[in-house]
Amino acid sequence: MPPKTPLMILEHMEIPTAPFVIVPAAWPDRDRRPINEILSRSPHAEALKRFPLCIKPNCEGSSKGIYSFSKVHNLAELQDGAQKLKTKYPDQSIIIESFLAGEEYTVSIIGSGKSARILGTVHLDWESVRPADGCYSTSDWAPDVEDDYPTRVVSSKDNPKVQQAEALALQAWQALEGQDIGRIDMRWDLDGNPYVLEINAIPGLRPSWSTLTKTTEAQGISHQELIEAVLESALERYPQARCKN
C-alpha cells in the first residue's frame with residue numbers, strides 16, 4: 001500500500017486537493033505495471049485521464065524534485081517522467097496530480113488548534129517569470145536573487161479570493177493539526193476552484209527574505225515579535241516550560 005500522505009487526510013476531511021494518485025516506491029523495481037494501469041485504479045481515474053498532469057516526489061519541498069519534465073502532456077511523457085523521478089529518488093513514492101493552471105497563493109498561519117489565526121497572504125505571480133510551457137522548476141530560477149521572487153502581499157479586505165484562500169488555509173491547518181507556525185500553499189484551476197497544494201510546517205523564518213517573514217513585515221510585525229509569538233504558541237501547549245520567576 002502507498003504511504004498515507006497529508007493529501008489523503010485532506011481528502012478524507014473533504015478539503016479540496018487536486019485529483020491525485022500515489023505511485024508506490026516499489027514501482028518499477030518490484031511492480032512493473034504501466035502507469036496507466038495505476039491511474040485506472042485511482043478513485044480519481046476519470047480526472048487523471050485529462051492532461052496535462054504534474055508529477056513530483058512525495059517527500060520533498062521548496063520545489064526540489066520539480067523539473068521541466070514534471071508537467072506531462074500524454075501517457076508517454078508521464079511514463080518517461082515517472083521513470084526519471086524514480087531514478088533520481090529511488091526510495092520515494094511519486095505523486096501524480098492534475099496540473100492546476102490558475103492563480104497561486106500562500107497563507108501564513110500562527111497558533112495551534114482553535115487558537116490558530118491568519119498572519120497574512122501572498123500572491124505568487126508565476127505569469128511574470130515562468131517559462132513558456134507553464135512548468136516552474138528548480139532549474140528555471142535562482143531564488144537567491146530577491147528581486148526575481150514573484151510575490152506580493154495581498155489584503156483580504158474587499159478581496160473575496162483572498163478571503164477564500166485564508167478560510168481554506170485555516171481549515172486545512174486545523175484538519176492536519178498544525179502547530180505554532182506554518183504556511184499553506186494553494187492554487188486555483190481555470191474554472192475558479194481552489195485546491196490545497198502543500199502544508200509547510202517548517203517555513204523559512206529568515207528576516208526580509210522568507211515568504212512568511214515578508215508577509216508579517218508587511219503587517220507591521222517585527223521579526224522579534226514574530227519569534228516571540230511562535231514561542232508563546234508553543235508555551236500554550238507546554239505551560240510547564242514557562243519560567244516560574
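## Group meeting talk: a walk through the model

Okay, let's start with serine 208, which counts as partly exposed at 40% relative accessibility. One thing to say right away: this is a predicted model. Serine 208 lies in the loop between strand S9, residues 194-200, and helix H5, residues 211-218. I picked it as a way in since its phi is positive, about 60°, although serine 208 is not a glycine.

Glutamate 177 has a positive phi too, about 60°, and it is not a glycine either. You'll find glutamate 177 in the loop between H4 and strand S8, where S8 is 181-188. Is glutamate 177 buried or exposed? Its relative accessible area is 64%, and exposed means over 50%, so glutamate 177 is exposed.

While we're on backbone details, scroll back towards the start of the chain. Phenylalanine 51 and proline 52 are joined by a cis peptide bond, with omega at about 5°. Proline 52 belongs to the loop between H2 and S2.

Now let me zoom out. How many helices and strands does the protein have? There are six helices and nine strands. The protein has 245 residues, and 44% of them are buried. It exposes about 13300 Å², with carbon and sulfur atoms supplying 51% of that. And if you take the contacts with a separation of 6 or more, 63% of them come from residues 24 or more positions apart.

Here's a pair that goes a long way along the chain. Glutamine 171 and leucine 10 sit 161 residues apart in sequence, yet their C-alpha atoms are 9.6 Å apart in space. Glutamine 171 is part of helix H4, residues 160-175. As for cover, glutamine 171 has a relative accessible area of 40%, so it falls between the 20% and 50% cut-offs and is partly exposed.

Leucine 10 comes up again when we look at threonine 17. Where is threonine 17? It's in the loop between helix H1, residues 6-12, and strand S1, residues 20-23. Threonine 17 is buried, because its relative accessibility is 10% and the cut-off is under 20%. So what does threonine 17 touch, leaving aside its neighbours within four places in sequence? The contacts are Leu7, Leu10, Tyr195 and Val196.

Next, two helices, beginning with H3. Helix H3 covers residues 75-88, so 14 residues, and it reaches 20 Å from its first C-alpha to its last, close to the 20 Å expected. Its buried residues are Leu78, Gly81, Ala82, Leu85 and Lys86. Look down the axis of H3 and these buried residues fall within an arc of 140°, so they line one face of the helix. On the other side of H3, Ala76 and Thr87 are exposed.

What do the buried residues of H3 pack against? They pack against helix H2 (35-40), and against strands S2 (53-57), S3 (71-72) and S4 (94-98). There's also a nice detail at the start of H3: a side-chain oxygen of asparagine 74 comes to within 3.2 Å of the backbone nitrogen of alanine 76.

The other helix is H6. Helix H6, residues 223-237, has 15 residues and reaches 22 Å from first C-alpha to last, close to the 21 Å expected. The buried residues here are Leu226, Val230 and Ser233. They cover an arc of only 60° around the axis, which puts them on the same side of H6. Over on the other side of H6, Gln224 and Leu231 are exposed. What covers the buried residues of H6? The cover includes strand S5 (104-110), strand S6 (117-124), S8 and H5. We've met two of those names already: S8 follows the loop with glutamate 177, and H5 follows the loop with serine 208.

Last stop, the cysteines. Cysteine 54 is buried, because its relative accessibility is 13% and buried means under 20%. Cysteine 59 is exposed, because it comes out at 56% and the cut-off for exposed is over 50%. A disulfide, just as a reminder, is a covalent bond between the sulfur atoms of two cysteines. How many disulfides are there in this model? With a cut-off of 2.5 Å between the sulfur atoms, the count comes to zero.

That's my tour. Thanks, everyone.

Terms used
Residues numbered from 1 in each chain as written. Predicted model: local features only at pLDDT ≥ 70, side-chain atom pairs only at ≥ 80, totals over all residues. Heavy atoms only, no water. Buried < 20%, exposed > 50% of the residue type's maximum accessible area, 1.4 Å probe, protein only. Helix = DSSP H or I, 4+ residues; strand = E, 2+ residues; numbered from the N terminus. Contact = heavy atoms within 4.5 Å. Areas by Shrake-Rupley, 256 points an atom, 1.4 Å probe, with all protein chains shown as cover. Expected span 1.5 Å × (residues − 1). Arc of directions from axis to C-beta. Polar contact = N/O pair within 3.5 Å; in protein donor to acceptor, adjacent residues only side chain to side chain.
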